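Please read the following report alongside the sequence and the coordinates. It takes up one residue and then the helix pair to which that residue contributes.

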Amino acid sequence: MRSPEMLEEIAQLRRMRFASLLEGSTLMILIGIAVPLKYLEGLSVATSIVGPIHGMAFIFYFWMLIQTVSDGKWALNDVIRMIVAALIPFGTFVNERALARRQALLLETTQ
């Protein structure tokens, strides 16, 4: 039987995984599409649109990170991994996989 606290932790992990994928995806769009359009085609509007979207996704990632680790159930090395993941290009995709493993372990132990 899953306790309400366990269900909330699983839901928070799901939200953190979403934030990780969103941050990484917006960076991919920015670097892979908007920046080439700006410098190869002279369309600076692409980075003017995608840049702030990625900035908001980055802020959202850190907001979710604060909410996720605020329960105190996270080891320091996991918290550091999640912070560093946001600072290394595409590191949030690696972080998402680690979060998925943690979520799967929680689901296994509560059944």
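## Polar contacts and burial of T92

The side chains of T92 and E23 are joined by a polar contact of 3.2 Å, a term that covers a pair of N or O atoms within 3.5 Å, where within protein one must be able to donate a hydrogen and the other to accept it, and where residues adjacent in sequence count only if both atoms are side-chain atoms. The T92 side chain also reaches the backbone oxygen of S20, at 3.1 Å.

This is a predicted model, in which local features need pLDDT of at least 70 and side-chain atom pairs count only at pLDDT 80 or more, while totals for chains, interfaces and linings use all residues. Residues are numbered from 1 along each chain as its sequence is written, and side-chain values use heavy atoms, with hydrogens and water left out.

T92 counts as buried because its relative accessibility is 0%, the cut-off being under 20% relative accessible area with a 1.4 Å probe and protein chains only. Leaving aside residues up to four places away in sequence, T92 touches S20, E23, G24, Y61, A85 and A86, where contact means heavy atoms within 4.5 Å.

## Packing of helix 3 and helix 4

T92 lies in helix 4, helices being DSSP runs (H or I, at least four residues) numbered from the N terminus. The axes of helix 3 (residues 76-87) and helix 4 (residues 91-109) come within 7 Å and cross at roughly 150°; the two helices are therefore roughly antiparallel to each other, a class for angles over 145 degrees. The contact involves D78, R81, M82, A85 and A86 of helix 3, together with G91, T92, N95, A98, L99 and R102 of helix 4.

Technical notes: Axes are lines fitted to C-alpha atoms, for helices over the stretch in contact, and angles run from 0 to 180 degrees between N-to-C directions. Angles under 35 degrees count as roughly parallel, over 145 as roughly antiparallel, 65 to 115 as roughly perpendicular and the rest as oblique. Buried means under 20% relative accessible area, exposed over 50%, partly exposed in between (1.4 Å probe, protein chains only).
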